[in-house]
Amino acid sequence: MPLEEIRGSFRVFENSLRGSLQKVGFEHLQVGCDCASKYVQGTVAASYPLSKVGNGTSFFKIILQESENPCSKAGAINTYMFGKLAEDCASVVHQGDIMVVAGFSMAKSTSEADGHCCRLEVSDEAGSTIYIKMKRKIKTRESTHQFCFSPQVCTRSSNTITGSETVAMSVAPSYTYTPLNLVKGGTIVNLYGAVKFFKPPYKCKGTDYCSVITIVDQSDAKLICSLFNVNRDALPQIYKNGDIVRFHRIKIKEFSGQLQGISSSGFAALTFDGTVGTSVVPRTSSKLFTFTDEDRKTIEDLRIWVASNLLNSAVAAKLSGIQPPMYFDLTCQLVGKAKLDGSSYLLKVWDGTKCPFSYWKVVVTEDDLEGDSILIHRLRNLIVDVVVYDNHVQLAKSLKVGSFIRLYSLHAKFQSPEDEPDVSYLQFHLHGGTTYGRGITSLPEGHADVDDLKKFLNSVDLMEDESSESPSEPENAYFTLGSCSEACQQLSVTVLRDHQHFEVTALSTILNSRSPQPYRIRAKLRQFEPEKLHQSVKLHCPQCNLLQEVPDGSELDLIIQEASATCPRPDLQNTSFCESVVWDTENQGQRRVVIHFVKHDELLQDPEDSLIMIEGGTLEEILKLSKKFKGIIPVRATEDDLVLLDLSAPFIWQGNIPHYGCKHCSNPKAIASLSPLAAQKDPLWEPATIAQALGLVPLEYVFVMKFMLDDGTGTLNVYLMDCKDFFQIPASEVLINNIFQENIERIMNKLCPSGTKLDDLPWLDCFIKSYYVTDGREHQICYRVFDTTIAEDV
């Protein structure tokens, strides 16, 4: 409700407002403060005529005087209203009215003559709300606006300020932008950044659409932003990596030890093409935004930086240039579409080039196919059928035939029909989910890529193509959905997650190169170590690169017993944030176990949300408790406090997964250091957060394996050290989950089946990098796999 009149007692209204918002004094207002849950109150001291900024948007300026502290230099603040809200307020606001403003944002004042160093900015689109307590009543008429005042019957106050003072807002407001390396948790900031990764907007479980964007800037820092809006078009209109975004009023939060940007009240975004020399026209659904010469310079500087520093990892391929199996981005025109079943949808697309492989055609009836059947027949040798799945179906249905679209992370792979196991045809799939930025975007008219594609499509000689014999439509190359999945004959059992534009390098060439650099290779796996795959799981310190074995059950039980040998101390129980219970064990002599329940707001949480500490417990007892409680921290008593056990033992169990800290990099603190976490509004008790509070550097579970690869030109020993991306299975859970262990064994049997000749082994597309290691006297070059994952079919 952008504009409301306060009727009745103002005190009653203010008391009701304080139930959800917090009042803030003018002296505490500053650029970057979190204004989402706050409101300001004051008296209208002066108002200016309704005017317009450079882009034609209405704005209305008032001076708001703080009632409680009118004599202070910061006791008055300029308030600017934009758009429809400005027009509504200009017709009803008068000097002496009491005004309450919520959902505002802060900007730096443009004049030293202003009493306050900042100014308030409000608008409908930013979610602002203004409440007015009239000094005097005015007549009203019926109006479609919820605040039923008609501008035709309103008169301006004789005290309204006019003349040269209105010139100040003929230019756009100025904003302060924070470099990404200086953002801090708990603040609201304005940012510029270049897009390094993005997921096109997708429907969340609720009513909102979500877009996940990773941005970078010249400070070499990055920030992952999660943006939400009920309107898909209101989210940033990003079409490729390298695009530039401007975010106003984005909230910075810390989650699992990392800063993230979250859209909040008042959030606004502009997107610009990141290519040097292109037009500086923002992409936005909003009609209200500011843009200055300083913004133009910032964008041009970022474009120059992007051109030399930000590698576009997405593969944008033409149909004529694809090399299956691969994931790539395709810019194309939609010429037909059809429903297949509830979880899949067919898109018929072309980009003017001809796919060089034999590919499938999906069987659909003419009644189900939407599109010009004559055109589809004329383009039959240039059209490919793309099947989209699951969460992409709803958007695919809404696409207009004839529109230009971009398919992100489209999968091209060979498959065989059930009745022809020795023949394979190319298929195009847009799998469900949003992994690796998978999605669809409709490109607008006037977009540079659309203009280029239109020109190219208009130059294609369809008559020549119709007269030529096409290899892309072989006899019986048609399929119905679901007719081929098990008989997949992929050319590679791995998929590159990045850098697909790199050329393949022979292993013999790599062996003769001594300078560390990345390579794309294509080879076969002759052998691997360790043969017992559970032995491949290690603990790794990301700070000092230490690798250590994961203790087995009997070893861990002994470590805990030795570290817990001290007797519990009753005087250290029931601390300010813990409630303790002593447990006398039966038939075990004098052994006593103490359970310390961490309190939140002086109350105990539900077990599934609770963190507890155990003093004097055994491994068996800890594992039993881990089934009931969210986190278990084994502790021991010292003279003054409770402390962690020796770091040979886990510092916390979550579920049945033990988490360890690095002995070399950690500086353990007393358990009392958890008190600030317990006092937070909603403590999550995640291992990373707890480790940070206790001064620990957590170890991560990783797969460590050695592969001997062979491409016919030579052999190369390559190491794999990966948490979860290569096998798409988390290393932290393999040791406790038999199904995961069986899956990895099945994968390795596929990559390197025993007793198989080299010619019969499957190909692996891998991205590797070389690096030096030293023993103090000489350097040795080693190789490591990264940005590679097992194909979904495997």
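This is a short tour of a predicted model, with a selection to make at each stop.

**The whole chain**

Start with everything shown. The protein chain has 14 helices and 40 strands. Of its 794 residues, 49% are buried. Among contacts between residues at least 6 apart in sequence, 66% join residues at least 24 apart. The chain exposes about 38200 Å², and carbon and sulfur atoms supply 49% of that area.

**Helix H6**

Select residues 448–459, which form helix H6. The 12 residues of H6 should span 16 Å at 1.5 Å a residue, and the end C-alpha atoms are 17 Å apart, which agrees.

Now colour Val 450, Leu 453 and Leu 457, the buried residues of H6. Seen down the helix axis, these buried residues fall within an arc of 65 degrees, so they line one face of H6. An α-helix has 3.6 residues a turn, so residues three or four places apart point the same way. On the other side of H6, look for Lys 455, Asn 458 and Ser 459, which are exposed.

What covers the buried residues of H6? Add strands S16 (326–341), S17 (344–350), S20 and S22 (439–443), which are included in the cover.

**From H6 to strand S20**

Keep H6 on screen and show the side chains of Asp 449 and Arg 406. They meet in a salt bridge, with N to O at 2.4 Å. The pair links distant parts of the chain: Asp 449 belongs to H6, Arg 406 lies in strand S20 (residues 404–415), and the two are 43 residues apart. Is each partner buried or exposed? Asp 449 is partly exposed, because its relative accessible area is 25%, while Arg 406 counts as buried at 5%.

**Two nonpolar cores**

Next, select Leu 525, Phe 707, Phe 727, Met 748 and Ile 768. These residues have the most contacts inside the largest nonpolar core, which has 58 residues. Centre the view on Phe 707. Leaving aside residues up to four places away in sequence, Phe 707 touches several others, including Leu 525, Phe 528, Leu 716, Val 718 and Met 748. Polar residues are also touched by Phe 707, among them Gln 527 and Asn 717.

Apart from the largest core lies another core, of 35 residues. Val 195, Cys 225, Phe 267 and Leu 457 are among them. Leu 457 has been seen already, as one of the buried residues of H6. In soluble globular proteins, nonpolar side chains tend to be buried together.

**Strands S36 and S25**

Select Asp 710 and Arg 526. They form a salt bridge whose closest N and O atoms are 3.0 Å apart. Asp 710 lies in strand S36 (residues 700–710) and Arg 526 in strand S25 (residues 518–529), so the pair ties together parts that are 184 residues apart in sequence. Asp 710 counts as buried, at 8% relative accessibility; Arg 526 is partly exposed, at 44%.

**Helix H2**

Move to residues 84–90, helix H2. Lys 84 forms a salt bridge with Asp 88, the closest N and O atoms being 3.0 Å apart. Both residues lie in H2, 4 residues apart, about one turn of the helix. Lys 84 counts as partly exposed at 40% relative accessibility, and Asp 88 counts as buried at 13%.

**A network to finish**

Last, select Lys 240, Asp 243, Asp 273 and Arg 283. A network of salt bridges links these residues. A search of the whole structure finds 17 salt bridges.

Technical notes
Residues numbered from 1 in each chain as written. Predicted model: local features only at pLDDT ≥ 70, side-chain atom pairs only at ≥ 80, totals over all residues. Heavy atoms only, no water. Salt bridge = Lys/Arg side-chain N within 4 Å of Asp/Glu carboxyl O. Buried < 20%, exposed > 50% of the residue type's maximum accessible area, 1.4 Å probe, protein only. Expected span 1.5 Å × (residues − 1). Arc of directions from axis to C-beta. Contact = heavy atoms within 4.5 Å. Core = buried A, V, L, I, M, F, W, Y, C linked by side-chain atoms within 4.5 Å. Areas by Shrake-Rupley, 256 points an atom, 1.4 Å probe, with all protein chains shown as cover.
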